[in-house]
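Good morning, colleagues. Please take a moment with the sequence and the coordinates before I begin.

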Amino acid sequence: TVYNPPRVIQSGPQLYGQADLALVDVEVGYLRSGRFIEDDTVPANRDMALRFTVRNSGTNIASGWQVRVSVDGERDAVATGGLLYPNGYQNFELRVTNPREGRNLETEIDVDYRNAVNESNERNNDDSVEVDVDD
């Protein structure tokens, strides 16, 4: 008897080149009754909210990356991203409880801030927005 192992057919995208983590769809606002309201002014006694997407615009997988978010007057928040195939994306939402009051408070987002992923384009990994928090 001759054993013929099964033939394996690989499916999925062909991976080549490099990943490209891109920060897209950055929105800032506040939460009201648990809903996100997009606005660059946060009313008094409301929690600030930030939403954004990280998309892999490259041709290879991205893994082992982290996102750092810095808000004026707050400690940095760090999140670990998941395995992203080409054209894959991951959504993030951050809530800042009782944010510092003030005008033009800068919020910075930095994707792959430790440079764990060798990317085809390193210039689309960060963005910043300014927010006014009323007193």
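Which residue in E6 does Gln66 stand opposite? Gln66 faces Thr80 in that strand. I should say at once that this is a predicted model.

Let me place that pair in its setting. Strand E5, residues 66-71, and strand E6, residues 77-80, are paired in the antiparallel sense over four bridges. Together E5 and E6 make a hairpin, with five residues between them. Within the turn, Gly73 has a positive phi of about 80°.

E5 also pairs with strand E8, residues 102-111. The two strands run antiparallel and are joined by five bridges. One example of this pairing is Arg68, whose bridge partner in E8 is Asp110.

From E8 we can proceed to E9. Seven bridges connect these two strands, and they run antiparallel. Asp110 appears here as well, standing opposite Asp126 in E9. Thus Asp110 is the bridge partner of Arg68 and stands opposite Asp126.

E9 has a further pairing, with strand E3, residues 41-42. In which sense do E3 and E9 run, parallel or antiparallel? They run parallel, and two bridges join them. In this pairing, Val42 has Val133 of E9 as its bridge partner.

I turn now to the open sheet. Four strands form it, in the order E2-E1-E4-E7, with antiparallel pairing. Its edge strands are E2, residues 35-38, and E7, residues 89-96, each of which pairs on one side only. On average, neighbouring strands of this sheet are turned by 35° against each other, with direction ignored. As general background, strands of a sheet pair through backbone hydrogen bonds, either parallel or antiparallel.

Within this sheet, strand E1, residues 21-32, and strand E4, residues 48-56, pair in the antiparallel sense over eight bridges. Leu23 has Val54 in E4 as its bridge partner.

The next topic is charge pairing. In general, side chains of opposite charge can pair when their charged atoms come close. How many salt bridges does the structure hold? It holds five, and I shall discuss three examples.

One of them is formed by the side chains of Glu27 and Arg51, with an N to O distance of 2.9 Å. Because Glu27 lies in strand E1 and Arg51 in strand E4, this pair ties together parts that are 24 residues apart in sequence. Glu27 counts as partly exposed, at 22% relative accessibility. Arg51 is also partly exposed, with a relative accessible area of 29%.

Another salt bridge joins Asp47 to Arg95, with the closest N and O atoms 2.8 Å apart. Asp47 lies in the loop between E3 and E4, and Arg95 in strand E7, so the pair ties together parts that are 48 residues apart in sequence. Is each partner buried or exposed? Asp47 counts as buried, at 16% relative accessibility, whereas Arg95 counts as exposed, at 55%.

The third example is Arg103 with Asp132, where the closest N and O atoms are 4.0 Å apart. Here Arg103 lies in strand E8 and Asp132 in strand E9, so the pair ties together parts that are 29 residues apart in sequence. Arg103 is exposed, at 56% relative accessibility, while Asp132 is buried, with a relative accessible area of 17%. Why does Asp132 count as buried? The reason is the cut-off: buried means under 20% relative accessible area, and Asp132 has 17%.

Asp132 merits a little more attention. Asp132 belongs to strand E9, residues 126-133. The side chain of Asp132 reaches the backbone nitrogen of Asn104 at 2.7 Å. In addition, Arg103, Asp132 and Asp134 are linked in a network of salt bridges.

Finally, I come to the surface. Which residues make the nonpolar surface patch of about 350 Å²? The patch is made by Leu15, Ile61, Leu83 and Tyr85. Leu15 is found in the segment before E1. At 37% relative accessibility, Leu15 counts as partly exposed.

To summarise the strand pairings, E5 pairs with E6 over four bridges and with E8 over five. E8 is joined to E9 by seven bridges, and E3 is joined to E9 by two. The open sheet has the order E2-E1-E4-E7. Thank you for your attention.

Definitions and conventions. Residues are numbered from 1 along each chain as its sequence is written. This is a predicted model: local features need pLDDT of at least 70, side-chain atom pairs count only at pLDDT 80 or more; totals for chains, interfaces and linings use all residues. Side-chain values use heavy atoms; hydrogens and water are left out. Two strands pair if DSSP finds at least two bridges between them. Axes are lines fitted to C-alpha atoms, for helices over the stretch in contact, and angles run from 0 to 180 degrees between N-to-C directions. Patches are made of residues with over 30% relative accessible area and no salt bridge: like charges are joined within 9 Å, nonpolar side chains (Val, Leu, Ile, Met, Phe, Trp, Tyr) within 5 Å. Accessible areas come from the Shrake-Rupley method with a 1.4 Å probe; for residues, only the protein chains shown count as cover. Buried means under 20% relative accessible area, exposed over 50%, partly exposed in between (1.4 Å probe, protein chains only). A polar contact is a pair of N or O atoms within 3.5 Å; within protein, one must be able to donate a hydrogen and the other to accept it, and residues adjacent in sequence count only if both atoms are side-chain atoms.
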